[in-house]
Amino acid sequence: MGMSVTISAASAQDAEHILKLQYLCYQSEAELYGDYTIEPLTQTLDDLKAELGRGHCLVARLGDEVVASVRGYVEETGTARIAKLIVHPRLRHHGLGGRLLDAIENHFTGEPAAKRFQLFTGHRSEGNLRLYRSRGYLPVSTEQIGPRLRLVTLEKPAGANVYAASA
């Protein structure tokens, strides 16, 4: 990437920065689907704080600025649900999304150990689908959410991360 980006666990103090970044990052998704009422754009700070308290969240910082984030949690069934992988628009296409995805997967191979990783994205979100497929995720289902949006759920077994050595 040519710049010093650090990845670490998010703190409670990061919640407002994550929410602002989430709002910025999901504008392109809302435009793609013609729907500005998607949950990432309507989530409140209190809802985000509660979500962060239920799972694990990573942030990437460039200096003091939060420029990317991802979060998730492991269900009792052993499925690690990964969500809201976001990268500031000016830093996209430099590998940061892949680094964050690898990092959250590596976290969930600890305790509680995940048996599989699962995430979802919109059917028109080609960049997201490309990234997830490149990391070994395969589509397992689709769900029609509205007239213009189908969510594609992708999954892979834990331990199938071909990029773990480079993370």
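Reader: Why does Arg-81 count as partly exposed?

Author: Arg-81 has 28% relative accessibility, and because buried means under 20% relative accessible area and exposed over 50%, with partly exposed in between (1.4 Å probe, protein chains only), Arg-81 counts as partly exposed. This is a predicted model, in which local features need pLDDT of at least 70 and side-chain atom pairs count only at pLDDT 80 or more, while totals for chains, interfaces and linings use all residues. Residues are numbered from 1 along each chain as its sequence is written, and side-chain values use heavy atoms, with hydrogens and water left out.

Reader: What makes the pair of Glu-75 and Arg-81 a salt bridge?

Author: The term asks for a side-chain nitrogen of Lys or Arg within 4 Å of a carboxyl oxygen of Asp or Glu; the closest N and O atoms of Glu-75 and Arg-81 are 2.6 Å apart, therefore the pair qualifies. Glu-75, at 25% relative accessibility, counts as partly exposed.

Reader: How do you know that Lys-84 and Glu-39 form a salt bridge, and are Lys-84 and Glu-39 buried or partly exposed?

Author: Their closest N and O atoms are 2.9 Å apart, so the pair meets the definition. The pair links distant parts of the chain, with Lys-84 in strand β4 and Glu-39 in helix α3 (residues 39-42), 45 residues apart; helices (H or I, at least four residues) and strands (E, at least two) are DSSP runs, numbered from the N terminus. Lys-84 is buried, with a relative accessible area of 13%, whereas Glu-39 is partly exposed at 39%.

Reader: Why are Lys-156 and Glu-105 called buried?

Author: Lys-156 has 2% relative accessibility and Glu-105 has 1%, so both values satisfy the definition of buried. Their side chains meet in a salt bridge at 3.1 Å, N to O. Lys-156 lies in strand β7 (residues 150-157) and Glu-105 in helix α5 (residues 96-108), so this salt bridge ties together parts that are 51 residues apart in sequence. Elsewhere, salt bridges that share partners join Glu-39, Glu-51, Arg-71 and Lys-84 into one network, and the structure holds nine salt bridges.

Reader: How do you know that strand β4 and strand β5 are joined?

Author: Strands pair if DSSP finds at least two bridges between them; three bridges join β4 (residues 79-87) to β5 (residues 116-122), so these parallel strands count as paired. Ala-80 stands opposite Phe-117 in β5.
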